[in-house]
Amino acid sequence: YGINKYRVLGHSFYGGSLIMKTLFITPHLSTGGLPQYLVQQVEKKLADGEEVWIVEWNNIAPVYRVQKDKLKELLQDRLVDWPQGTGESVKIAGAVSCIKTVAPDVVHLEEFPEGFLPKELINWIYDRVISYRIIETTHDSAFLLSKKSTRPDKFEFVSSFHKELFKDFGVYIEVVPYEYEGKDRFVKEDLLKELTLDPECKHVLNVGLFTPGKNQGAAMEVARKMLDEKVVFHFVGNQAGNFADYWQPLMEKLPPNCVIWGERQDVEKFYSCMDLLLFTSKSELMPLVPIEALEYNMPVLMYKDEKYSER
């Protein structure tokens with residue numbers, strides 16, 4: 001079983017070629033693992049000559065948009081979003097209109113719809129007023145199987161954790177992990193100089209949105225115990241207002257050997273010139289940060305978790 005590359009009815013022709021059309025509906029495109037995974041999937045589909053559309057359901061943090069800007073560059077006006085605070089009825093109408101106009105071969109829900117879409121829109125999508133296949137992905141390791149009410153044509157899971165969890169659900173499953181390959185490091189000495197870092201120190205990196213799940217506080221406690229060592233801890237990631245109750249107390253007691261860099265579009269420079277990735281996250285499914293660090297042959301220290309032990 002699989003999703004046919006081309007469908008018989010409703011297909012598009014460009015210059016005599018048959019074009020596969022996929023419309024993604026994603027919870028958000030604020031900086032993070034889900035949008036980064038989506039960037040890679042879109043790039044692969046475009047490379048295969050497919051037409052891709054994205055509907056961003058919730059513009060939760062307009063200022064944090066590293067991956068959103070990448071997708072905007074790739075898709076231009078085929079990325080549909082609304083200003084922060086747009087009403088639910090407006091977004092439902094907009095999503096329905098987009099699906100009717102695009103007439104996609106596949107509607108791909110980048111998260112289980114029960115977790116982010118209103119019931120009215122879920123029902124409309126699954127009523128299939130026009131003909132398309134439905135694929136669902138999830139990036140949430142905490143979603144309860146008992147809460148699952150929709151039944152798509154296919155699941156595309158990011159790891160085997162959900163493949164095992166949903167093995168008796170009666171839906172075809174494919175594991176589509178985030179792909180990585182070795183990349184050449186930039187010249188370490190040049191980058192240390194560019195970032196004004198002391199080459200005599202060891203540099204430890206932590207990457208991620210400041211949240212309890214990402215657990216930056218644990219890395220800061222390690223840093224506090226190493227104040228007499230020539231080791232500097234660097235934190236790359238945004239401090240969103242809705243998590244201020246977590247990160248503000250950390251900032252008030254920040255050890256002097258910790259540097260806060262905020263959100264960056266050049267994280268590869270940090271992977272290239274630093275000595276260790278300390279990944280303190282406690283809540284993951286298939287974490288992309290360690291995978292990206294390994295691309296640059298960077299040592300990684302992280303918690304062991306059965307959800308992603310395959311990597």
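Which residue in β9 is the bridge partner of Phe 155? Keep that one in mind while we get our bearings; we'll come back to it shortly.

First, the big picture. What you're looking at is a predicted model. Its secondary structure comes to ten helices and 14 strands. The radius of gyration is 21 Å, close to the 19 Å that the globule rule gives for 311 residues, so this protein is as compact as a globular protein of that length. If you drew a box along the principal axes, the C-alpha atoms would fill roughly 70 × 45 × 40 Å.

How much of the chain is tucked away? Of the 311 residues, 50% count as buried. The protein still exposes about 15,400 Å², and carbon and sulfur atoms supply 51% of that area. Now think about who touches whom: take the contacts between residues at least 6 apart in sequence, and 71% of them join residues at least 24 apart. As for charge, there are 37 positive and 46 negative side chains, with the centres of the two sets lying 3 Å apart.

Now for the sheet. Strands of a sheet pair through backbone hydrogen bonds, either parallel or antiparallel. Here, seven strands form an open sheet with parallel pairing, in the order β5-β4-β3-β6-β7-β8-β9. At the edges stand β5 (79-80) and β9 (172-175), each with a single partner strand, so one side of each is left without a neighbour in the sheet.

Let's zoom in on β8, which brings us back to the opening puzzle. On one side, two bridges join β8 (residues 154-157) to β7 (residues 133-136), and the two strands run parallel. One pair to look for is Glu 136 with its bridge partner in β8, Phe 155. On the other side, four bridges join β8 to β9, again running parallel. And there's our answer: the bridge partner of Phe 155 in β9 is Ile 173.

Where do the side chains of β8 go? In a regular strand the side chains alternate between the two faces of the sheet. In β8, Lys 154 and Glu 156 point one way while Phe 155 and Phe 157 point the other, and all are buried.

Next, follow a helix. The buried residues of α2 (residues 66-75) are Val 66, Gln 67, Lys 68, Leu 71 and Leu 75. They pack against the helix α1 (33-47) and the strands β4 (51-56) and β5. Right after α2 comes Gln 76, whose phi is positive, near 55°.

Why point out a positive phi? Because most residues other than glycine have a negative phi. Two asparagines give us further examples. Asn 215, in the loop between β10 (202-207) and α7 (216-224), has a phi near 65°. Asn 297, in the loop between α10 (288-295) and β14 (300-302), has a phi near 55°. Is each of them buried or exposed? Asn 215 has 11% relative accessibility, so Asn 215 counts as buried. Asn 297 is exposed, with a relative accessible area of 66%.

Those loops lead us to another set of paired strands. β10 pairs with β13 (residues 276-279) in the parallel sense over two bridges, and Leu 205 stands opposite Leu 277 in β13. β13 also pairs with β14, in the parallel sense over three bridges. Here Leu 277 stands opposite Val 300 in β14. So you can trace a path from Leu 205 to Leu 277 and on to Val 300.

While you're at β14, find Met 302, which is part of that strand. At 32% relative accessibility, Met 302 counts as partly exposed. Its C-alpha atom is separated by 8.3 Å from that of Pro 290, twelve residues apart from Met 302 along the chain.

One last stop: Trp 261, in strand β12 (residues 258-262). Trp 261 and Val 236 are 25 residues apart in sequence, but their C-alpha atoms are 5.1 Å apart in space. Leaving out residues up to four places away in sequence, Trp 261 touches Leu 195, Leu 197, His 234, Phe 235, Val 236 and Phe 270. Try picking out these residues in the structure above.

Definitions and conventions
Residues numbered from 1 in each chain as written. Predicted model: local features only at pLDDT ≥ 70, side-chain atom pairs only at ≥ 80, totals over all residues. Heavy atoms only, no water. Rg over C-alpha atoms; globule rule 2.2 N^0.38 Å. Buried < 20%, exposed > 50% of the residue type's maximum accessible area, 1.4 Å probe, protein only. Contact = heavy atoms within 4.5 Å. Areas by Shrake-Rupley, 256 points an atom, 1.4 Å probe, with all protein chains shown as cover. Lys, Arg positive; Asp, Glu negative; His and termini not counted. Charge placed at Lys NZ, Arg CZ, Asp CG, Glu CD. Pairing = 2+ DSSP bridges.
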